[in-house]
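Please look at the sequence and the structure together while you read this report. It moves from one sheet to the whole chain, and then to a few side chains.

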Amino acid sequence: MTNTGSRIQVTRAINLFETVFYYLCLSIVIIFLALGALGTASLNKEEGQAIQQYGAAIFKYPLLNRYVIFSHDDSSLKLQKITSSRVFKINSCDASKYDSINALFECANVGDAKKLSLGLEKYGKLGTYEISKIEKPNTTVEDTEKDNQETSKRKKHDVVYLLLDSFLLILSLGLSLLLFNKARRFLSGYLISLTLLLAAGESKFFYIGSNALDAGFVESIRISLALLVGPIGLYFFPQADHQDFWRRPLFYAVVFCVLLMIISFQLIDSGLYSNSFSVYLASISFSLFVIVLHFIFKFRKVLNIKERKQVLTMLFCLCVGLILYFPLMTWGGKYGVLIGRYIIVLSIGLGIFFALMRYGLWQVNSLISKSATLSLLSIVAFSAWAGLDQGMQVLLNQTLGLSNKTFSAFVAAAISSLFAIPAYQYISKSCDAFFNKDLHMLKRFLSKDILVLAETQKLNVFVKQLGNRLLELSGAHKIELSFIDHNRLPEPVRFSSSKEEKEEFYFNKDEVFDYQLDQILTLHFTLHFIDRRINNEIKHELSEGTDEIARALASCTRWNHLEG
């Protein structure tokens, strides 16, 4: 008992550390993203206009004497493979000594000088780079219009890039928070949620914000941590099998892939090897291939049908990420590389999202509430009905020649409603069956299957089937059921069943359901939940359907009594 209590205390301490660490990472990500968004919005202000003559833009961080420079497509910095970097010096003027852009520009004579000597950071090393003022000898009206069009086109591309970046960033953060909220108690769920959070650092906003500290250092820690926790989280997906995992060859294959990816990334960070980026891409592709093989072996090994479907879903999404990653990063261009940086983690996140909704991954019954689903369906159904109504009005006016618009609108609304209402009911029922399969199956069981079983089975067999079915569809860990028909049974019929025992758990909860008619019959069953709570809609359905269960048990007892 003492050992069990100490293990629970250790587990709770580990969970507290995991939660604190996640929220610490989340806070850092949000701070850097906020700084990056502020920097992006401030690039075209009048204070930094002078340096745009050199094909660059500059931003100063709030409360800090730190600056970051961004190169345009026509800048000489672009040819030196510098897109953005922290500024240390401009023409021997130490940037850390000036608290405003204007003061720094005045010292460095920015705007008047034909060339600027910049002290910038590249691959973690400080270097000196020169940029020249972009001369425009032709100042005709046509040239001016052409320059304006190119500037407008460049700004349009920048806006599209930022919008796409923002969308992928929000998707990654949203999936991370959702997964952390729903599945942080599971090792794979926590590690994958942390990987999705770290993937938010692929955003341009994060990189700009991290320059306030040290972009190279932050990027090195972020990517190394993601390369470590991501593959391990996938290895233990969907359930962590801790027993003798270190004896399995695939575990060491995954560890080897982790080391290979981290080493190849460090080669890029050091800049020592010219083809290090290609080696890094190849190492990630190889690691994905190994993890795909791991999922194939796991699919063949897992006996539970639901877990097989969960593994198959993740296997499909990983294959999509594996197929798209290398082409996007190699030949995808500006937008393709941006998508490629997110494609692996988002394919994993979307695969888990689908498995959560469809197959009850990690015992999460439903992510989308019925009210939200019905609200969305209502909007879709109303839009379809409005379009059908307008079409029917036009059709009636053209075919029947009706001139009274009020009458034709009334007739069109009546006809279109005949199509819209059944379509809405069908979509609502299908959506309910997809997003909350257990609830859909429970409704079917209580309304149809239960009476058929009651009238064709022996009482003991029927009680066993009923108890196991309620245990499966409710998601409970244990069920205890008792039923007595005072007129036909000498003693109560009892049934108890449970899933495999858990040595450690954090909380438990009992849900009790009763139905009683004095001196006629009594039904009582208790559902015992461990580390989870009952779905509210399933609880409501069981509460409303207890009389149907009692009726089926009474019917089975009566038929058995007559036949006996």
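Which residue in strand 10 is the bridge partner of Phe-513? In this predicted model, the bridge partner of Phe-513 is Phe-525, and a little further along the ladder Tyr-515 stands opposite Leu-523 of strand 10.

**The sheet and its hairpin**

These two pairs belong to a longer ladder, for strand 9 and strand 10 (residues 521–530) run antiparallel to each other and are joined over 10 bridges. In general, the strands of a sheet pair through backbone hydrogen bonds, in either a parallel or an antiparallel way. The sheet here is open and has four strands in the order 8-7-10-9, with antiparallel pairing. Strand 8 (493–498) and strand 9 (508–517) stand at its edges and have a single partner strand each, so one side of each is left without a neighbour in the sheet. On average, and with direction ignored, neighbouring strands of this sheet are turned by 5° against each other. Helix 15 (residues 459–474) lies across strand 7 (478–485), strand 8 and strand 10, and its direction makes an angle of about 35° with strand 8.

The hairpin of strand 9 and strand 10 has three residues between the strands, and Gln-519 takes a positive phi near 60° there. Most residues other than glycine have a negative phi. A second residue with a positive phi of about 60°, although it is not a glycine, is Asn-109, which is placed in the loop between helix 3 (101–108) and strand 5 (115–122). Gln-519 is exposed, with a relative accessible area of 65%, whereas Asn-109 is partly exposed, with a value of 38%.

**The chain as a whole**

The secondary structure of the protein comes to 16 helices and 10 strands. Of its 564 residues, 43% count as buried, and the protein exposes about 30700 Å², of which carbon and sulfur atoms supply 60%. Among the contacts between residues at least 6 apart in sequence, 65% join residues that are at least 24 apart.

On the surface, Phe-256, Phe-286, Phe-289, Leu-293, Ile-296 and Phe-297 form a nonpolar patch, with about 550 Å² of accessible area together. Helix 9 (residues 276–301) gives the largest share of the patch, namely five residues. Ile-296 is placed in this helix and is partly exposed, with a relative accessible area of 36%.

**Charged pairs**

Side chains of opposite charge can pair when their charged atoms come close. A search of the whole structure finds nine salt bridges, and the table shows some of them.

| Salt bridge | N to O distance |
|---|---|
| Glu-219 and Arg-222 | 2.9 Å |
| Lys-478 and Glu-480 | 3.4 Å |
| Arg-444 and Asp-449 | 4.0 Å |

Why are Glu-219 and Arg-222 separated by about one helical turn? The two residues are three residues apart in helix 7 (residues 215–235), and therefore about one helical turn separates them. Glu-219 and Arg-222 are both buried, and they are linked with Glu-202 and Arg-341 in a network of salt bridges.

The other two pairs in the table can be described by their accessibility. Lys-478 counts as partly exposed at 29% relative accessibility, and Glu-480 is partly exposed at 40%. Arg-444 is partly exposed with a relative accessible area of 40%, while Asp-449 counts as partly exposed at 26%.

Conventions:
Residues are numbered from 1 along each chain as its sequence is written. This is a predicted model: local features need pLDDT of at least 70, side-chain atom pairs count only at pLDDT 80 or more; totals for chains, interfaces and linings use all residues. Side-chain values use heavy atoms; hydrogens and water are left out. Patches are made of residues with over 30% relative accessible area and no salt bridge: like charges are joined within 9 Å, nonpolar side chains (Val, Leu, Ile, Met, Phe, Trp, Tyr) within 5 Å. Accessible areas come from the Shrake-Rupley method with a 1.4 Å probe; for residues, only the protein chains shown count as cover. A salt bridge is a side-chain nitrogen of Lys or Arg within 4 Å of a carboxyl oxygen of Asp or Glu. Buried means under 20% relative accessible area, exposed over 50%, partly exposed in between (1.4 Å probe, protein chains only). Two strands pair if DSSP finds at least two bridges between them. Axes are lines fitted to C-alpha atoms, for helices over the stretch in contact, and angles run from 0 to 180 degrees between N-to-C directions. Contact means heavy atoms within 4.5 Å.
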